[in-house]
Amino acid sequence: MYNVADPIIGFLQNFPLYENWYWEEAAIVKKALPIGIDNFEKMISQGYYYIDKTLFIQELLDLKGEVNLFTRPRRFGKTLNLSMLRYFFEDTGDAKKTEENKSLFRGLKIMQQGE
């Protein structure tokens, strides 16, 4: 049986934007863009399109700065990066919630870096 989507998928795989598409019941569905979303947990758990910037955490740890200043123009992800840092480092005192925070980073680049 001929599947109409086969030539389309082959065509789309040649472009870098293909990464933000995924299969859902034999149809191509585009993930939602996170317009106005500044909460890391919400972005990951609700399946928004996310460019993995978690290696920023390792960069901060490697620099060992006593004070860090984050200067970026408006709408460049300052609040989202701080939210990401919060979920990565926060010990909530509740083992279940701390494990949920850790699970947000599964499959992201920071988890491949080890200790």
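Q: What makes Ser83 count as buried in this predicted model?
A: In this predicted model, Ser83 has a relative accessible area of 9%, and the word buried is used for values under 20%, so Ser83 is called buried. Its place is in helix H4, where Leu80, Asn81, Met84, Leu85 and Tyr87 are buried as well.

Q: Which residues does Ser83 touch, once residues up to four places away in sequence are not counted?
A: Ser83 touches Asp38, Asn39 and Phe40, where a contact requires heavy atoms within 4.5 Å. For the buried residues of H4 as a group, the packing is against H2, helix H3 (55-63) and H5.

Q: How do you know that the span of H4 is close to the expected one?
A: H4 has 12 residues, and the path from its first C-alpha to its last reaches 17 Å, which is set against the 16 Å expected at 1.5 Å a residue. The two values are close, and the span of H4 is described accordingly.

Q: Why is the contact between Glu41 and Lys97 called a salt bridge?
A: The closest N and O atoms of Glu41 and Lys97 are 3.1 Å apart, and a salt bridge asks for a side-chain nitrogen of Lys or Arg within 4 Å of a carboxyl oxygen of Asp or Glu, so the pair qualifies. The pair links distant parts of the chain, since Glu41 belongs to helix H2 (residues 40-45) and Lys97 to helix H5 (residues 95-103), 56 residues apart. Side chains of opposite charge can pair when their charged atoms come close.

Q: Are Glu41 and Lys97 buried, exposed or partly exposed?
A: Glu41 has a relative accessible area of 24% and Lys97 one of 26%. Partly exposed covers what lies between under 20% and over 50%, so that term applies to Glu41 and to Lys97.

Q: What makes Lys97 and Glu100 a salt bridge, and where do the two residues lie?
A: The closest N and O atoms of Lys97 and Glu100 are 3.9 Å apart, which is within the 4 Å limit, and the pair is therefore counted as a salt bridge. Lys97 and Glu100 both lie in helix H5, three residues apart, or about one turn of the helix. An α-helix has 3.6 residues a turn, so residues three or four places apart point the same way. Glu100 is partly exposed, with a relative accessible area of 37%.

Q: Which residues are linked in a network of salt bridges?
A: Glu41, Lys97 and Glu100 are linked in this way, with Lys97 pairing with Glu41 and also with Glu100. The structure holds four salt bridges, and among them is the pair of Arg106 and Glu99, whose closest N and O atoms are 3.2 Å apart.

Q: Why is Arg106 called exposed while Glu99 is called partly exposed?
A: The relative accessible area of Arg106 is 56%, and exposed means over 50%, so Arg106 passes that limit. Glu99, at 39%, falls in the range between buried and exposed and is therefore partly exposed.

Q: What is known about the lining of the largest pocket?
A: The pocket is lined by 18 residues, and Pro34, Ile37, Arg75, Gly77 and Leu80 lie nearest its centre. Helix H4 (residues 78-89) gives the most to this lining, with four residues. By class, the lining has 10 nonpolar, four polar and four charged residues, and about 540 Å³ of space lies in the pocket.

Q: Why does Arg75 count as exposed, and what is noted about its phi?
A: Arg75 has 67% relative accessibility, and the term exposed begins over 50%, so it applies here. Arg75 lies in the loop between H3 and H4 and has a positive phi of about 65° although it is not a glycine. Lys64 is found in the loop between H3 and H4, has a positive phi of about 50° without being a glycine, and is exposed at 72%.

Q: What makes Lys53 partly exposed, and which residues is it in contact with beyond its neighbours within four places in sequence?
A: At 41% relative accessible area, Lys53 is neither under 20% nor over 50%, so it is partly exposed. Lys53 lies in the loop between H2 and H3 and is in contact with Asn81 and Met84.

Note on methods:
Residues are numbered from 1 along each chain as its sequence is written. This is a predicted model: local features need pLDDT of at least 70, side-chain atom pairs count only at pLDDT 80 or more; totals for chains, interfaces and linings use all residues. Side-chain values use heavy atoms; hydrogens and water are left out. On a 1 Å grid over the protein atoms alone, a cavity is a set of points where a 1.4 Å probe fits but cannot get out, and a pocket is an open set with protein on both sides within 12 Å along at least five of seven lines; lining residues have an atom within 4 Å of a point. Grid points are joined across faces, edges and corners, and a volume is the space filled by probe spheres set on the points. Ala, Val, Leu, Ile, Met, Phe, Trp, Tyr, Cys and Pro count as nonpolar, Asp, Glu, Lys and Arg as charged, and the others, Gly among them, as polar. Buried means under 20% relative accessible area, exposed over 50%, partly exposed in between (1.4 Å probe, protein chains only). The expected span of a helix is 1.5 Å times one less than its number of residues.
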